[in-house]
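Me: Please take a close look at one part of this predicted model, the salt-bridge network, and then set that part in the context of the rest of the chain. A connected account with the supporting values would be appreciated.

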Amino acid sequence: MIRELVDMLLELGKEHNLLNEPVIVKSLLPREAIGAIYSTEYAILRGKEVMVEAIFKEHRGQAFTPAPSSFKGSLKEVLSLDLSNLRNRGIFIAVLNAVSSYLNLVNKTVHCKHETPEICGEKLAHHLISLNVRKVGLIGYQPAILKWLVRYGFKVRVADADPDNIGMVKFGVVIEDADLDEDIIRWSDIALVTGSIFANGSLDEILPRYKEKCVIYGVTGAAPSKLLNFNRWCISEGD
């Protein structure tokens, strides 16, 4: 999938004469990224992920990554980065989101803050009820989403890549190993998949086979889900 996204950004850059335009990427502190969150369950508050933010022509694009890095250069230079390197991949996804925001291809490229993740989780549960969904796979542990799915009585399976989470019981659900991602997606009526997969390189080979039942959640997957035609869930209004 990442190769497709590189090709798409290259074409957009050529079409709109943007390849020589400057871009800056920096890491954000947790409070800058998600505001004041009461729960310590979020990966960003435990140092497992960092939010990187790209600025392109005054438009912001963000991405969660386990390997944060800074960058200053042209869009053309971003496109030449080695994306087998996780640091570069996080930079690329953030820049893709910022450029896509500038071109009005996507919105919600800046993470919500404070109490909004809780509101998002409850609204998502109501949305799934309206679709008569019963079995939900959650790929990437997200505490607010899981809490509300459990509270509204869904059957839920959760997989996470963080070894500290695997085997732990969260809101009554045992967190499974990310090796079981595909099994959980097959089991589910709908699979809620963290947009972080585009920045961390997981599921590149698996996800396209399950496009119809996968919903990408969160800010990282803003432009990737749009350009690759995945359904997306995000209520963020940014700052």
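Reply: The side chains of Arg209 and Glu182 form a salt bridge, with N and O 2.6 Å apart. Arg209 belongs to the loop between helix 8 (197-200) and strand 10 (214-217), while Glu182 belongs to helix 7, so this pair ties together parts that are 27 residues apart in sequence. On the side of the loop, Arg209 counts as exposed, because its relative accessibility is 52%. The coordinates under discussion are those of a predicted model.

Beside Glu182 in the sequence stands Asp183, which has a salt bridge to Arg157 with the closest N and O atoms 2.9 Å apart. Here the partners are Asp183 in helix 7 (residues 181-187) and Arg157 in strand 6 (residues 155-160), so the bridge ties together parts that are 26 residues apart in sequence. The two partners can also be described by their accessibility. Asp183 has a relative accessibility of 29% and therefore counts as partly exposed. Arg157, in contrast, counts as buried, because its relative accessibility is 17% and the cut-off for burial is under 20%.

Asp183 also takes part in a salt bridge with Arg186, at 3.6 Å from N to O. This pair lies within one element: Asp183 and Arg186 are both in helix 7, three residues apart, or about one turn of the helix. Arg186 has a relative accessible area of 47% and is therefore partly exposed. Through shared partners, the salt bridges join Arg157, Glu176, Glu182, Asp183, Arg186 and Arg209 into one network. In general terms, side chains of opposite charge can pair when their charged atoms come close. The structure as a whole holds nine salt bridges.

Next to the network in sequence is a backbone feature. Phe171 has a positive phi of about 55°, although this residue is not a glycine. Phe171 is placed in the loop between strand 7 (169-170) and strand 8 (173-177); the latter range includes position 176, that of the network member Glu176. With a relative accessible area of 37%, Phe171 is partly exposed. A positive phi of about 55° is found at Lys108 too, again a residue other than glycine. Lys108 lies in the loop between helix 4 (86-102) and helix 5, and is partly exposed at a relative accessible area of 28%.

The two helices that flank the Lys108 loop each take part in a helix packing. Helix 5 (residues 116-130) packs against helix 6 (residues 143-151) at an angle of about 40°, and their axes are 8 Å apart. Helix 5 and helix 6 are therefore oblique to each other, and helix 5 passes helix 6 in a right-handed crossing. From helix 5, Pro117, Glu118, Gly121, Glu122, Leu124, Ala125 and Leu128 meet residues of helix 6, namely Ala144, Ile145, Lys147, Trp148 and Leu149.

On the other side of the loop, helix 4 packs with helix 1 (residues 2-15) at an angle of about 45°, with the axes 11 Å apart. Helix 1 and helix 4 are therefore likewise oblique to each other, but their crossing is left-handed. Ile2, Leu5, Val6 and Leu9 represent helix 1 in this packing, and they meet Arg89, Phe92, Ile93, Leu96 and Val99 of helix 4.

Leu9 offers a view of this packing from a single residue. Its place is in helix 1, and at 0% relative accessibility Leu9 counts as buried. Beyond neighbours within four places in sequence, Leu9 is in contact with Leu75, Leu79, Phe92, Leu96 and Val99. Between Leu9 and Phe92 there are 9.7 Å from C-alpha to C-alpha, although the two are 83 residues apart in sequence.

These parts belong to a protein with nine helices and eleven strands. Of its 239 residues, 54% are buried. Among contacts between residues at least 6 apart in sequence, 64% join residues at least 24 apart. The protein exposes about 10900 Å², of which carbon and sulfur atoms supply 50%.

How values were computed: Residues numbered from 1 in each chain as written. Predicted model: local features only at pLDDT ≥ 70, side-chain atom pairs only at ≥ 80, totals over all residues. Heavy atoms only, no water. Helix = DSSP H or I, 4+ residues; strand = E, 2+ residues; numbered from the N terminus. Buried < 20%, exposed > 50% of the residue type's maximum accessible area, 1.4 Å probe, protein only. Contact = heavy atoms within 4.5 Å. Areas by Shrake-Rupley, 256 points an atom, 1.4 Å probe, with all protein chains shown as cover. Salt bridge = Lys/Arg side-chain N within 4 Å of Asp/Glu carboxyl O. Axes fitted to C-alpha atoms, helices over the stretch in contact; angles between N-to-C directions. Parallel < 35°, antiparallel > 145°, perpendicular 65-115°, else oblique. Left-handed = near helix turned anticlockwise from the far one by under 90°.
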